[in-house]
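Here is a short tour of a protein model, written for someone who likes to keep the structure open while reading. Please have the viewer ready, and we will go from one spot to the next.

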Amino acid sequence: MLAYLCVWLMISIVQANLALYAQYVVSDLGDDFQYLIMLLLGTAALFIPVWQMVIIKFGKKIAFLAGMSFHFPGLLLLLYIKNDFSDALYGVGVISGIGTGAAFLVPWSMLPDVIDDVAVQDGIRRESLFYAFFVFFTKFAAGIALGLSTLALEVFGGYETGKCVQPDSVALTLRILVSTPSFVLILISFIFLWRYPIDEGRRQHNREELER
């Protein structure tokens, strides 16, 4: 669950700052920003069945690790991309969309396995508790991302709400916001995920125990 929290913090941080990033870092993108979002979400939706096949063939842990790895090149591009190469953002949208598809699918497919595992160990099913935490983590991540982003832009970037012209430090702060924290959060999620104990053998064992 902590891996899920880290991933959604990463997604929420990028989401909270992407519009400002398009405005102050790659202003050449202009009114095409909505097409970038459509491309990212469309790619995510198209790759959800692909990630389902990866889950079946390689398991959920490998699928999650592979999916999150797709975010690394996109985050690096967001850090270094220049205004003259704003079209490269469409490549970022495709790459990040592939990883986002895994973020939407894999954690929710792992949740029933966790519930079954706890039920086998404790004899009590706690679906409502785990699903409540998942929903809470999604909202919590969005709130934390928005608050920290606003604070960072004001303190380090000198951003002033309502002004059309912002200092150059705003662009630099946005570059760092959408890349560096997200990079670190993915690495932390890998640490939590690597300790995830439920493999296919354990999942089958839990199912047999619950069917008795």
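D116, R125 and E127 are linked in a network of salt bridges. Please keep in mind that this is a predicted model, and that every value below is computed from it. Within the network, the side chains of D116 and R125 meet with N and O 3.0 Å apart. How exposed are these two partners, D116 and R125? D116 has a relative accessibility of 22% and is therefore partly exposed. R125 is also partly exposed, because its relative accessible area is 41%.

A search of the whole structure turns up 6 salt bridges. Three of the pairs are set out here, with the N to O distance for each.

| Acidic partner | Basic partner | N to O distance |
|---|---|---|
| D116 | R125 | 3.0 Å |
| D122 | R126 | 3.2 Å |
| E200 | R203 | 2.6 Å |

For the D122 and R126 pair, D122 is partly exposed at 46% relative accessibility, and R126 is partly exposed at 27%. The E200 and R203 pair sits within one element: both residues belong to helix 8 (residues 200-211) and are 3 residues apart, about one turn of the helix. E200 has a relative accessible area of 43%, so this residue too is partly exposed.

**The chain as a whole**

Stepping back, the chain has 8 helices and 0 strands. Read from the N terminus, its elements run α-α-α-α-α-α-α-α. Its C-alpha atoms fill a box of roughly 65 × 30 × 25 Å along the principal axes. There are 212 residues in the chain, and buried ones make up 43% of them. If you look at contacts between residues at least 6 apart in sequence, 77% join residues at least 24 apart. On the outside, the chain exposes about 11500 Å², with carbon and sulfur atoms supplying 67% of that area.

**The nonpolar core**

Which residues have the most contacts inside the largest nonpolar core? They are Y21, M68 and L89, in a core of 61 residues. At least two residues of this core come from each of helix 1 (2-24), helix 2 (33-58), helix 3 (60-69), helix 4 (71-80), helix 5, helix 6 and helix 7. Helix 1 gives the largest share, with 15 residues.

L89 is a good residue to select in your viewer. Leaving out residues up to four places away in sequence, L89 touches Y21, V26, L29, L36, L78 and I81.

**R175, a buried arginine**

Three of the residues touched by L89, namely Y21, L78 and I81, also turn up around R175. R175 lies in helix 7. Is this arginine buried or exposed? R175 counts as buried because its relative accessibility is 17%, and the cut-off for buried is under 20%. Apart from residues up to four places away in sequence, R175 touches Y21, V25, L78, L79, Y80, I81 and K82. With I81 there is a polar contact as well: a polar atom of the R175 side chain lies 2.4 Å from the backbone oxygen of I81.

**M110 in helix 5**

Another buried residue to look at is M110, found in helix 5 (residues 88-122). The relative accessible area of M110 is 7%, so this methionine is buried. Which residues does M110 contact, beyond its neighbours within four places in sequence? They are K60, L193 and Y196. For a sense of distance, M110 and A142 are 32 residues apart along the chain, and their C-alpha atoms are separated by 22 Å.

**A nonpolar patch on the surface**

Last, please turn to the surface. M1, L129, F133, F136, F140, I144, L148, L151, V155 and F156 make a nonpolar patch of about 960 Å². One of these patch residues, F156, lies in the loop between helix 6 (127-155) and helix 7 (168-194). Why does F156 count as exposed? The reason is that its relative accessible area is 65%, and exposed means over 50%.

Note on methods: Residues numbered from 1 in each chain as written. Predicted model: local features only at pLDDT ≥ 70, side-chain atom pairs only at ≥ 80, totals over all residues. Heavy atoms only, no water. Patch = residues over 30% accessible without salt bridge, like charges linked within 9 Å, V, L, I, M, F, W, Y side chains within 5 Å. Areas by Shrake-Rupley, 256 points an atom, 1.4 Å probe, with all protein chains shown as cover. Salt bridge = Lys/Arg side-chain N within 4 Å of Asp/Glu carboxyl O. Helix = DSSP H or I, 4+ residues; strand = E, 2+ residues; numbered from the N terminus. Buried < 20%, exposed > 50% of the residue type's maximum accessible area, 1.4 Å probe, protein only. Contact = heavy atoms within 4.5 Å. Core = buried A, V, L, I, M, F, W, Y, C linked by side-chain atoms within 4.5 Å. Polar contact = N/O pair within 3.5 Å; in protein donor to acceptor, adjacent residues only side chain to side chain.
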